[in-house]
Every structure is written in structure tokens, then in C-alpha cells.
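Here are a few exercises to work through with the model open beside you. Try each task yourself before you read the solution.

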Amino acid sequence: MRNGTLDMQIEDKLEQLSPEELKQFIEEAHRTLEIKQKEKRSEVIRQIKELAASVGLDVDIRVKSKTAEAKPSRKRAKLPPKYRHPSDASITWTGRGQMPRWLRELVNQGHDREEFRISA
């Protein structure tokens with residue numbers, strides 16, 4: 001943990017950097033962090049394999065790549081609204097997902113959800 005004086009010195013130096021220099025510093029910090037994380041993962045994997053081998057086991061460790069971690073987003077067609085707010089026509093609901101608060105409150109007051117269905 002850093003002491004207060006050292007933190008102040010770092011903050012002062014960062015304040016003196018131009019926006020472009022600060023951006024370069026951040027990019028370099030990210031690269032350094034990635035390298036350190038990769039080295040740490042490699043060390044942990046080595047230790048796991050060593051420990052497993054000490055009890056006669058063979059392990060196969062698969063490391064997820066960054067691209068594998070990010071799931072591709074599914075593009076869905078925009079659905080037409082099925083329900084409309086009674087006093088504000090700009091507020092609608094497609095009928096999918098969780099029922100919106102405005103409709104849930106009206107249903108709880110005794111209204112039928114079908115009262116707010118948009119006629120085709």
C-alpha cells in the first residue's frame with residue numbers, strides 16, 4: 001500500500017501531463033497490467049499442474065481468450081408494441097419481458113391487461 005506522500009507525488013505528476021501524454025500513459029498501464037495478469041495466470045497454471053502431478057494426476061487447463069469471453073449479441077427484430085399506456089400514448093410495451101411498472105400497477109388496481117392492448 002502506498003503512503004499519502006507518494007500518492008500526492010504521483011497525482012502531481014499526472015496533473016502535469018498533457019491529455020495526449022496521459023492517454024499514452026493509460027495505454028501503457030493497460031499493456032503492463034495485461035502482461036502482469038498473463039504472467040500471474042501462467043504461474044498459477046504451473047503451480048496447479050505441479051500440485052496435480054505430485055498426486056499422480058494430469059490436468060489440462062484451457063484458458064479462455066478475450067474474444068471467447070464476450071458473447072456475441074443477438075440482433076432481434078424490433079417488435080411492434082402490444083400495449084399502450086392509457087394517458088400517455090408514447091409509453092408502450094411489446095408484451096415481452098417483465099411487465100412494466102405502469103401496467104403492473106394498473107393490473108393490481110383491478111384493471112384487465114387486455115384493456116390496454118393495441119387493436120390491430
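A salt bridge is counted when a side-chain nitrogen of Lys or Arg lies within 4 Å of a carboxyl oxygen of Asp or Glu. Keep in mind that you're looking at a predicted model.

**Exercise 1: a chain of charges**

Task: Work out which residues are joined with Arg46 into one network by salt bridges that share partners.

Solution:
1. Start with Arg46 and Glu50, whose side chains meet with N and O 2.7 Å apart. The cut-off is 4 Å, so this pair counts as a salt bridge.
2. Now check the spacing in sequence. Arg46 and Glu50 are four residues apart in helix α2, so about one helical turn separates them.
3. Look for another partner of Arg46. Glu43 also forms a salt bridge with Arg46, and the closest N and O atoms there are 2.6 Å apart. Glu43 and Arg46 are both in helix α2 too, three residues apart, which is about one turn.
4. Put the pieces together: Glu43, Arg46 and Glu50 form one network through salt bridges that share partners.
5. Finish with exposure. Residues over 50% relative accessible area count as exposed, and those from there down to 20% as partly exposed. Glu50 has 51%, so it is exposed. Arg46, with 40%, is partly exposed, and so is Glu43, with 31%.

**Exercise 2: another pair in α2**

Task: Find how many residues apart Arg31 and Glu28 lie in helix α2, and decide whether Arg31 is buried or partly exposed.

Solution:
1. The side chains of Arg31 and Glu28 meet in a salt bridge, 2.8 Å from N to O.
2. Both sit in helix α2, three residues apart, or about one turn of the helix.
3. Arg31 has a relative accessible area of 44%, so it's partly exposed. Glu28 is partly exposed as well, with 40%.
4. For the wider picture, the structure holds five salt bridges.

**Exercise 3: the sides of α4**

Task: Say where the buried residues of α4 sit around its axis.

Solution:
1. List the buried residues of α4: Trp102, Leu103 and Leu106.
2. Check their spread. They cover an arc of only 95° around the axis, so they're on the same side of α4.
3. Turn to the face pointing away from that buried side, where you'll find the exposed residues Arg101 and Asn108.
4. See what the buried residues pack against: β1 (83-84) and β2 (92-93).
5. Now widen the view to the largest nonpolar core, made up of six residues: Tyr83, Trp93, Trp102, Leu103, Leu106 and Phe116. Helix α4 (residues 101-108) gives the largest share of this core, three residues.
6. Zoom in on Trp93. Beyond its neighbours within four places in sequence, its contacts include Tyr83, Trp102, Leu103 and Arg113.
7. After α4 comes Gly110, which has a positive phi, near 110°.

**Exercise 4: nonpolar on the outside**

Task: Find which helix gives the largest share of the nonpolar patch.

Solution:
1. Nonpolar side chains tend to be buried together in soluble globular proteins. Some may still show at the surface, so let's look there.
2. Leu6, Ile10, Leu14, Phe25 and Ile26 make a nonpolar surface patch of about 380 Å².
3. Two elements give two or more residues to the patch: α1 (4-16) and α2 (19-54). The largest share, three residues, comes from α1.
4. Check one member. Phe25 belongs to helix α2, and with a relative accessible area of 46% it is partly exposed.

Terms used. Residues are numbered from 1 along each chain as its sequence is written. This is a predicted model: local features need pLDDT of at least 70, side-chain atom pairs count only at pLDDT 80 or more; totals for chains, interfaces and linings use all residues. Side-chain values use heavy atoms; hydrogens and water are left out. Patches are made of residues with over 30% relative accessible area and no salt bridge: like charges are joined within 9 Å, nonpolar side chains (Val, Leu, Ile, Met, Phe, Trp, Tyr) within 5 Å. Accessible areas come from the Shrake-Rupley method with a 1.4 Å probe; for residues, only the protein chains shown count as cover. Buried means under 20% relative accessible area, exposed over 50%, partly exposed in between (1.4 Å probe, protein chains only). A nonpolar core is a set of buried Ala, Val, Leu, Ile, Met, Phe, Trp, Tyr and Cys residues joined through side-chain atoms within 4.5 Å. Contact means heavy atoms within 4.5 Å. The arc is that of the directions from the helix axis to the C-beta atoms.
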